[in-house]
Amino acid sequence: MMRAAVGVMVVLSVVGVQISAQATRWTRQLGTSGRDEGRGIAVDGSGNVYVTGETAGGLDGNPSAGGKDAFIWALADEDDTVLAKGEKPPLLRIGGVTFADQDNDNILSGDETAALKVAVVNASGAGRARKVVCMLIPEQRVRGVTHSGEVKIGTLEPGGRGEATFTLTGGEDIVTATASFIVRCTEGRGFDAEEQRVVLRTRAVAPPEVRVVAGEMALDDRFEPQQRDKLAVGTGNNVVEPGESVEVRLPLENRGAGATRGTRVRIRSSSPDAQIISTDTFVLGTLNPGERRHIQFAVAVSRKYTGTQGLGFTVSVSDERRRFSREETLTLPVNRPMRSVQTVEIQGKPVEVARSAVPESRPARRSTMTVAVADFSGQDVSAAEAATVAGLIRTELVNMGVYRVVDRGNMDKILAEVGYQMSGCTETGCAVEMGKHLNVTHMIVGTVSRLGETYIIMVNVVGMETAQIVRSYRQTAENKRDLINACSVLAQTLAAE
Ligand SMILES: [Ca+2]
Ligand SMILES: [Ca+2]
């Protein structure tokens, strides 16, 4: 080969996976005094470079076989765990942390997913940052909170900005607490950004509780042959009798503090003498606290039925979240008229009238007050009735959405944990004590008493800050049936203050 020795330079600009296209990481030159030609180049996942080609010389001291020889040249990735001579270190800092949850209350609640975005910037004028990785490190374990793993940012040029997005998920078992995380962004050669702490609030799932309102079950045993879809074939005397089929309208109410999700109801007969001849499955979807829905089904009663206890049914209310699914039994009386008082209530008139008087939209203002309603004590009124009155006021307050109201289930749980008895508390002293356990700003305590037909509800609002009664109210109900309305009015008065 008498050709002039021309060294052909093979200059390699390696473009790593996380490096912008313009970034030159390192350069190498290879060649012999003979003619060298690079023909192929490949980079593997670790940044190693492979070059193939042909050479007339002997690369790297390899003996030439004469003429043109093929070569393969492997070059390991540069050691980027140290700074090169004359290289400035980077100057990383965490530029900002933002949190975005699904319902925008900045609290991670159960069954919710949130995005935590961390910006990391490299100061302009500093050196290049390599292998930047950001991670979230929980400072303490908070039940029900999970988060995604580390995020690789890669190289950040001086003045460059990267962003790491972490997904935080609130599980069903999340508790009401504070969760803190350390945000750490490391650099390949140890020039890490200063850590930041992120503190966020978490909230337990408010449990729904769908109950069958058996006392307001309505019944239709009228045979109306012109109505083709009606399955009732009976005497029309409002009494279920053997040999008849009847239509049953059954109210269900969410008496819990939280909304249901994907609610389905299924009713099954537990007696061989009763057969459900209509659909037995109902899709109710979401029931908000206090919300009521009806299911309607038809039952045929065998002529052979001779029992006296009534016909048994199982009502299964399932929630998408299985732990909130529940089952109740229901008895359909046979050969017994429904009580007339209940028949009136079935029509829903006293309740519906009272409800329609309440504005449909919830007040826009939301107080910072958190309240708990203790069970009321009764004078000439049974403890159960007094507790029902307190429960109605509690539910109304929840529905109005002005205050955060501790639901009954949580009250029981918290008070049981500290061994506190709720019943019979009407005085300031015990109200303050109970309020402290429940971590509320105000406690509502009261009594229900009776004078003849008239019921009197007396309510005190006790403020925790002053440990004093801040408001007192009295509301009367003409009779037992008017109690629901009275509770509604009283709750509105309470919420209006
Ligand atoms: Ca939230
Ligand atoms: Ca009948």
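Which residue in strand 24 is the bridge partner of Thr370? The bridge partner of Thr370 in that strand is Arg404. The structure discussed here is a predicted model.

## Confidence of the model

The pLDDT averages 83 over the chain, and 87% of the residues score at least 70. Over residues 1-21, however, the pLDDT is below 50, and this stretch has 42 contacts in the model beyond near neighbours in sequence. A further stretch, residues 339-365, also stays under a pLDDT of 50. For residues 339-365 the model has 22 contacts beyond four places in sequence.

## Parallel pairing around strand 22

Strand 22 comprises residues 370-373 and pairs with strand 24, residues 404-405, in the parallel sense over two bridges. Thr370 of this pairing is matched with Arg404, as stated at the outset.

Strand 22 is also joined to strand 25, which spans residues 442-451, by three bridges, and these two strands again run parallel. Here Val373 stands opposite Ile444 in strand 25.

## The sheet 4-6-10-8

Four strands form an open sheet in the order 4-6-10-8, with antiparallel pairing. Strand 4 (92-101) and strand 8 (145-147) each have a single partner strand and stand at the edges, so one side of each is left without a neighbour in the sheet. On average, and with direction ignored, neighbouring strands of this sheet are turned by 25 degrees against each other.

At one edge, strand 8 pairs with strand 10, residues 161-170, in the antiparallel sense over three bridges. Within this pairing, Thr146 has Thr169 of strand 10 as its bridge partner.

## The sheet 18-16-20-21

A second open sheet, in the order 18-16-20-21, likewise has four strands and antiparallel pairing. Its edges are strand 18 (281-285) and strand 21 (326-332); each has a single partner strand, and one side of each is therefore left without a neighbour in the sheet. Neighbouring strands of this sheet are turned by 20 degrees against each other on average, direction ignored.

Inside this order, strand 16 (residues 263-269) and strand 20 (residues 311-318) are paired in the antiparallel sense over six bridges. Ile267 stands opposite Val315 of strand 20.

## Antiparallel pairings of strand 11

Strand 11, residues 177-186, takes part in two antiparallel pairings described here. Six bridges join strand 11 to strand 7, residues 129-138. The bridge partner of Leu136 in strand 11 is Val183.

Strand 11 pairs with strand 12, residues 196-203, over seven bridges. In this pairing Ser180 stands opposite Val199 of strand 12.

## Packing of helix 3 against helix 6

The axes of helix 3 (residues 383-400) and helix 6 (residues 483-496) come within 9 Å and cross at roughly 50 degrees. An angle that is neither under 35 nor over 145 degrees, and outside 65 to 115, counts as oblique; helix 3 and helix 6 are therefore oblique to each other. The crossing of helix 3 past helix 6 is right-handed.

On the side of helix 3, the contact involves Val389, Leu392, Ile393, Glu396, Leu397 and Met400. These residues meet Leu483, Ile484, Cys487, Ser488, Leu490, Ala491, Leu494 and Ala495 in helix 6. By class, the contact of helix 3 with helix 6 has 12 nonpolar residues, one polar residue and one charged residue.

Technical notes: Residues numbered from 1 in each chain as written. Chains lettered and ligands numbered in written order. Predicted model: local features only at pLDDT ≥ 70, side-chain atom pairs only at ≥ 80, totals over all residues. Pairing = 2+ DSSP bridges. Axes fitted to C-alpha atoms, helices over the stretch in contact; angles between N-to-C directions. pLDDT = per-residue confidence, 0-100. Contact = placed C-beta atoms within 7 Å. Left-handed = near helix turned anticlockwise from the far one by under 90°. Nonpolar A, V, L, I, M, F, W, Y, C, P; charged D, E, K, R; others polar.
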